[in-house]
Amino acid sequence: MKDDRRKEANQMMKTNGESLLFTRVNKDTQALPISIEDWEKKAREVLPDGPFDYVAGGSGAEETLVENRTAFSRWAIIPRMMRDVTNRTLGISMYNQALRTPIFLAPVGMQTISHPDGELASAKAAAAAGVPFVASTVSAHSLEQIAEVMGDAYRWFQLYWSNDREVSASMVRRAEKSGYSAIVLTVDTVMLGWKRRDFRNGYSPLREGRGLANYLTDPVFCSRLPEVTPENAVEEVLKNIYHPALNWNDIAFLREHTRLPILVKGILHPDDARLALEHGVDGIIVSNHGGRQMDGAISTLDALPAIAEVVAGKIPVLLDSGVRTGADVVKAIALGANAILIGRPFLYGLAVAGEQGVASVLDTLIHEFDVAMALSGSNSVADLNRSILARL
C-alpha cells in the first residue's frame, strides 16, 4: 500500500516527463545527504585529515576559496511571473553536441583519495546522468580506463602541460583515439599553490603515486625513465608538471597533434581572453582552480562578466569554482557563462557513497537548477540573462 502511494505521489509530480520536485522515496537513498554542506560534513567523517583537507582546502589563507562562494551571494535573482514555464528545457549545444544540461564534472585528479573506485565511479555516474566528465591528467585511472566505463558518453580530457612537449602530444593523441571530444589545457599551474593544510598534514597524494595512471601507461613518458617504477615516475612527473615557460605560442604545438577543440582553463583577466581569441583557442574556462592556486585572486564569478564581454559569443565560456546550488548555475549563466563545472561537491558525494554519491549530488543539482530556472521565469538556458539579476 505504501509503495502504491509513493508511485501515485511520484506520478503527480510529473509534467511532460520531467520531475517538478525532487523527493527521495527510495529507502536505499533516504540516508544520503541533500545539501552540499551536509555532504561535506559526511565526507569529513569518513576521510582522514590528509585527503579531506586536500579536497576541501585552498591555498594561503584561503581568502579566494571563501570569495568564490561569497561572490554568488552578491547577486540576487529577480523572479519573473506568469510567463508559462510548463515546457522547459535544460539542454544546451556545445561543439555541435547536444547536452542534457549546462553542468559538467570538473577535472579533478587523484580521486582514489576520496574513494577506492575514484574516477571510474565519478565517470559512470556522469555518464548515467548525461553530464560531461572531464578527465584529469593526474587521474588515478588511465584515460583509456575512464573511456571504457563511459562508453559513448560525452567526455573531455584535461591536459597538464609537460616540459617535455612530446609527452603532452602523446597524451593528446591518446585522448583523441579514446573518444574524448575536447582538450582542456590548464594554464594556472606554472607553480604549485601554497597549501597550508597539506603542509600541516605532511600530505601529498602525488608523492604517494595516486596520479600516475596516465603517465605509467604513456609510451613516450615511460621511454624517459631509466626504469619504469612508481618512484621514478613520481620524480619525472614532478620535474615536468610545473611549467613556468608555458606561453600562448604553445597552443600552436597542440594544434599540430589534435583536431579536437582546445579550451584553456584558468583565465581570469579580460586581456587573456583577448589573447585566447587571437591564438585561435576554441573555449575558455574561467577558473581560479577552486582557490587552490593564487590566494587573494579574484573570484571567478566577479571575473566572468568582463571575459564574457570580450568573447562576445565567439567561443564558449565556462566557469568553475564556487558553484554549489541550482541558483548558482542560473547566476553564472545569466552573467555570461555557457556552462559550469563542479568539483568539490561531487568529490564529497564520491567520498560518502561512491558512484551513488556522485549520482545523488548531480541529481540534486540538476533538479535545483530546473526549479531555479522555472522560478526565474525562464523556459530555457538561452533565456537566462542579466535582466533577471540584481547586484546587492
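**View 1. Gly349 is a buried residue of the predicted model, with a relative accessible area of 0%.** The structure shown in this and the following views is a predicted model. Gly349 falls under the 20% limit for buried residues, and therefore carries that label. The residue is found in helix 16, a helix that spans residues 344-375. Leaving aside residues up to four places away in sequence, Gly349 touches Trp39, Gly354, Gly357, Val358 and Val361. Glu166 is 183 residues from Gly349 in sequence, and the C-alpha atoms of the two are 36 Å apart in space.

**View 2. The whole chain contains 16 helices and 14 strands.** Its radius of gyration is 21 Å, close to the 21 Å that the globule rule gives for 392 residues, so the chain is as compact as a globular protein of that length. Along the principal axes, the C-alpha atoms fill a box of roughly 65 × 50 × 40 Å. Of the 392 residues, 57% count as buried. When contacts between residues at least 6 apart in sequence are considered, 73% of them join residues at least 24 apart.

**View 3. The surface of the chain has an accessible area of about 16,900 Å².** Carbon and sulfur atoms account for 52% of this surface. As for charge, the chain carries 41 positive and 47 negative side chains. The centres of these two sets lie 4 Å apart.

**View 4. The largest nonpolar core has 120 residues.** Helix 16 (residues 344-375) supplies the largest share of this core, with 13 residues. The residues with the most contacts inside the core are Trp156 and Ile284. In soluble globular proteins, nonpolar side chains tend to be buried together.

**View 5. Trp156 is located in strand 8, which runs over residues 155-160.** With a relative accessible area of 0%, Trp156 is buried. Residues up to four places away in sequence are not counted in its contacts, which include the aromatic residues Tyr95, Phe104, Phe133 and Tyr180. Trp156 also touches Met94, Val134, Ala135, Ser181, Ala182, Val184, Leu263 and Leu318. One of these partners, Ala182, is 26 residues from Trp156 in sequence, with a C-alpha to C-alpha distance of 4.9 Å.

**View 6. Ile284 is one of the two residues with the most contacts inside the largest nonpolar core.** Residues up to four places away in sequence are again left out of the count. Ile284 touches Leu263, Val264, Ile267, Ala273 and Ala276, among others. Its further partners are Ile307, Val311, Ile315, Pro316, Val317 and Leu318. Leu263 and Leu318 touch both Ile284 and Trp156.

**View 7. Asp84 has a positive phi of about 50°, although it is not a glycine.** The residue lies in the loop that joins strand 3 (75-77) and strand 4 (92-94). Its relative accessible area is 55%, and the limit for exposed residues is over 50%, so Asp84 counts as exposed.

**View 8. Ser321 is not a glycine, yet has a positive phi of about 85°.** Ser321 is placed in the loop between strand 12 (317-319) and helix 15 (326-334). This residue counts as buried, at 7% relative accessibility, whereas Asp84 is exposed.

Conventions
Residues numbered from 1 in each chain as written. Predicted model: local features only at pLDDT ≥ 70, side-chain atom pairs only at ≥ 80, totals over all residues. Heavy atoms only, no water. Core = buried A, V, L, I, M, F, W, Y, C linked by side-chain atoms within 4.5 Å. Buried < 20%, exposed > 50% of the residue type's maximum accessible area, 1.4 Å probe, protein only. Helix = DSSP H or I, 4+ residues; strand = E, 2+ residues; numbered from the N terminus. Contact = heavy atoms within 4.5 Å. Rg over C-alpha atoms; globule rule 2.2 N^0.38 Å. Areas by Shrake-Rupley, 256 points an atom, 1.4 Å probe, with all protein chains shown as cover. Lys, Arg positive; Asp, Glu negative; His and termini not counted. Charge placed at Lys NZ, Arg CZ, Asp CG, Glu CD.
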